[in-house]
Amino acid sequence: MVTVVCGADRLAGTVDVGDCAFAGVQDRRRGLASDAFRFPVSAVRGPVLDGCYHWWLETPVIENIRAEIVDAADLLAELELDADRPDRSARAARQGLASDPYAEQLWRALMRAEYEAGNMSRVHEAWKACLKAVAEVSADGDPHPETIALYRQLTATRRPA
């Protein structure tokens with residue numbers, strides 16, 4: 001059980017991590033409905049414990065929470081896309097990116113969702129934002145080859161109407 005209390009305009013409450021979709025995402029990947037992930041992912045408003053006094057948490061714990069949020073958002077985006085709901089898929093990817101703007105798997109999920117929704121201009125916007133984010137943290141400033149390949153694939157083909 002983790003209790004998070006922050007300023008008046010921030011999240012305050014208790015989350016049972018054992019029951020939360022963020023815990024053990026990969027182990028429960030098969031057979032899960034997107035409904036199980038919608039609430040936890042929708043609760044993401046920014047970086048983990050941003051603006052909160054959390055001296056008692058070690059950095060690896062915070063990084064683990066961040067990674068679980070990214071995994072949950074990525075899985076929710078995938079489930080929503082599989083259910084032919086690209087708008088919800090894009091929303092899940094964006095909410096995960098609020099927690100970690102450098103998570104390339106979420107940039108890929110966002111580009112896929114926008115492509116499936118027929119929003120090519122947003123595919124290009126997502127690509128540019130991904131490039132900017134990656135340039136801030138990558139030694140060579142280049143996105144992962146998988147991200148580059150996806151962007152090229154999406155922009156080289158027209159989505160069937």
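Helices and strands are runs assigned by DSSP, with at least four residues for a helix and at least two for a strand, numbered from the N terminus. By that rule the chain in this predicted model has six helices and two strands.

Start with the whole chain as a cartoon. Following the sequence, you pass through the pattern β-β-α-α-α-α-α-α. Now switch on the surface. The accessible area is about 9,700 Å², and carbon and sulfur atoms hold 52% of this. Of the 161 residues, 37% are buried.

Next, select Leu106, Trp107, Leu110, Met111, Val123 and Leu154. These are the residues with the most contacts inside the largest nonpolar core, which has 25 residues. Colour helices H2 (59–82), H3 (86–99), H4 (104–116), H5 and H6: each gives two or more residues to this core. Which helix gives the largest share? It is H4, with seven residues. In soluble globular proteins, nonpolar side chains tend to be buried together.

Stay with Val123 and show what surrounds it. Beyond its neighbours within four places in sequence, Val123 is in contact with Met111, Glu114, Tyr115, Tyr151 and Leu154.

Keep Tyr151 selected and add Trp127. The structure holds one aromatic pair, and these two residues form it: the rings are stacked, 4.3 Å centre to centre, with 5° between the planes. Trp127 lies in helix H5 (residues 120–137) and Tyr151 in helix H6 (residues 145–156), so the pair links parts of the chain 24 residues apart. Are Trp127 and Tyr151 buried or exposed? Both are buried.

Finally, return to the whole chain. Among contacts with a separation of 6 or more, 58% are between residues 24 or more positions apart.

Methods:
Residues are numbered from 1 along each chain as its sequence is written. This is a predicted model: local features need pLDDT of at least 70, side-chain atom pairs count only at pLDDT 80 or more; totals for chains, interfaces and linings use all residues. Side-chain values use heavy atoms; hydrogens and water are left out. Rings of Phe, Tyr and Trp (its six-membered ring) pair if their centres lie within 6.5 Å; planes under 30 degrees apart count as stacked, over 60 as edge-to-face and the rest as tilted. Buried means under 20% relative accessible area, exposed over 50%, partly exposed in between (1.4 Å probe, protein chains only). Contact means heavy atoms within 4.5 Å. Accessible areas come from the Shrake-Rupley method with a 1.4 Å probe; for residues, only the protein chains shown count as cover. A nonpolar core is a set of buried Ala, Val, Leu, Ile, Met, Phe, Trp, Tyr and Cys residues joined through side-chain atoms within 4.5 Å.
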